[in-house]
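Please read this report alongside the sequence and the model. It goes through the overall fold, the metal site, two helices and one residue late in the chain.

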Amino acid sequence: MSRLRVYRDDTRPDVFDEYSTFETIRDAAAEAKIRFERWDASRVLAPDASQDEVLAAYADSIRKLERECGFGTADVVSVNPGTPNHAEMRKKFLDEHTHSEDEARFFVEGSGLFCIHYEHAVYALECTKGDLINVVAGTRHWFDMGPVPRFTAIRLFTDPKGWVANFTGSDVAGRFPRYTRV
Ligand SMILES: [Fe+2]
């Protein structure tokens with residue numbers, strides 16, 4: 001199940017508001033301009049499905065998202081405990097950063113933790129299969145796939161060339177719980 005915890009960014013991270021139903025997560029996330037939706041992720045994929053196979057399985061959803069949101073391209077990121085460099089991949093986005101493009105992800109398998117730092121709050125949103133999240137361009141955030149990663153997500157871009165992490169230099173990400181899948 002998906003879950004959202006909202007912390008203040010200047011207090012101990014054991015105090016938070018928690019949301020665990022779709023509607024409450026969607027509404028609380030919207031306060032931070034995070035778009036959160038549920039999409040059909042019921043296609044059966046082989047564990048070793050290629051990027052093209054994943055894109056083909058969800059071609060209808062992708063086309064709809066491109067039409068509705070102006071995304072121009074899509075690709076697939078898929079990480080599991082057997083992915084050789086997953087520890088380095090995890091580290092890459094663990095610190096607070098922004099992008100000049102939106103960061104949109106449609107989770108078709110597994111889960112991961114998006115943390116969005118908006119004004120004086122940290123929105124820690126565990127995304128699971130069927131979740132679509134869009135973090136608006138310029139929003140401070142980080143992403144944790146966890147020490148034992150397991151997810152496949154379709155990434156949607158308006159312009160993939162603009163999708164570069166600009167690190168803020170803040171240590172805020174290290175003050176909040178990292179992702180441990182239960
Ligand atoms: Fe990011």
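## Overall fold

The chain of this predicted model contains four helices and eleven strands. Its radius of gyration is 16 Å, close to the 16 Å that the globule rule gives for 182 residues, so the chain is as compact as a globular protein of that length. Along the principal axes, the C-alpha trace spans about 45 × 35 × 35 Å.

Of the 182 residues, 47% count as buried. The accessible surface of the chain is about 9,200 Å², and carbon and sulfur atoms account for 52% of that surface. Taking the contacts between residues at least 6 apart in sequence, 74% join residues at least 24 apart.

## Iron site

Which residues coordinate the iron ion? The donors are His-97 (NE2), His-99 (NE2), Glu-103 (OE) and His-141 (NE2), at 2.0 to 2.2 Å. Along the chain these donors follow the spacing H-x1-H-x3-E-x37-H. Within the site, His-97 and His-141 link distant parts of the chain: His-97 lies in strand β5 (residues 97-98) and His-141 in strand β9 (residues 140-144), 44 residues apart.

The angles among the four donor atoms run from 81 to 167 degrees, and the site is irregular. A tetrahedral site would need all angles between 85 and 135 degrees, and the range of 81 to 167 degrees goes beyond those limits at both ends. Water is not among the atoms, so sites may look incomplete.

Are His-97 and His-141 buried or exposed? The cut-off for buried is under 20% relative accessible area. His-97 has a relative accessible area of 0%, so it is buried. His-141 has 1% and is therefore buried as well.

## Helix α1

Helix α1 covers residues 22-30. Its buried residues include Ile-25, Ala-28 and Ala-29. Seen down the helix axis, the buried residues fall within an arc of 100 degrees, so they line one face of α1.

The cover over the buried residues of α1 includes the strands β1 (3-8), β2 (17-19), β3 and β7 (121-128).

## Helix α3

Helix α3 spans residues 59-69, with Ser-61, Ile-62 and Leu-65 buried. Why do they share one side of α3? They cover an arc of only 100 degrees around the axis, which puts them on the same side of the helix. The face turned away from this buried side carries the exposed residues Asp-60 and Arg-67.

The packing partners of the buried residues of α3 are one helix, α2 (51-57), and the strands β3 (35-38), β4 (73-79), β6 (103-118), β8 (131-135) and β10 (150-157). Strand β3 also appears in the cover over the buried residues of α1. Just after α3, Gly-70 takes a positive phi of about 80 degrees.

## Arg-181

Where is Arg-181 placed in the chain? It lies in the segment after β11 (166-167). At 31% relative accessibility, Arg-181 counts as partly exposed, because that class lies between the limits of 20% and 50%.

Leaving aside residues up to four places away in sequence, Arg-181 touches Ser-111, Met-145, Val-148, Pro-149 and Arg-150. Of these contacts, Ser-111 falls within the residue range of β6 (103-118), and Arg-150 falls within that of β10 (150-157). The C-alpha atoms of Arg-181 and Ile-133 are separated by 19 Å, and the two residues are 48 residues apart along the chain.

Conventions. Residues are numbered from 1 along each chain as its sequence is written. This is a predicted model: local features need pLDDT of at least 70, side-chain atom pairs count only at pLDDT 80 or more; totals for chains, interfaces and linings use all residues. Side-chain values use heavy atoms; hydrogens and water are left out. Helices (H or I, at least four residues) and strands (E, at least two) are DSSP runs, numbered from the N terminus. Buried means under 20% relative accessible area, exposed over 50%, partly exposed in between (1.4 Å probe, protein chains only). Contact means heavy atoms within 4.5 Å. The arc is that of the directions from the helix axis to the C-beta atoms. Donors are N, O and S atoms within 2.8 Å of the metal (3.2 Å for Na, K and Ca); water is not among the atoms, so sites may look incomplete. Four donors count as tetrahedral if all angles lie between 85 and 135 degrees; four count as square planar and six as octahedral if opposite donors are over 155 degrees apart and all others between 65 and 115; anything else is irregular. The radius of gyration is taken over C-alpha atoms; the globule rule is 2.2 Å times the number of residues to the power 0.38. Accessible areas come from the Shrake-Rupley method with a 1.4 Å probe; for residues, only the protein chains shown count as cover.
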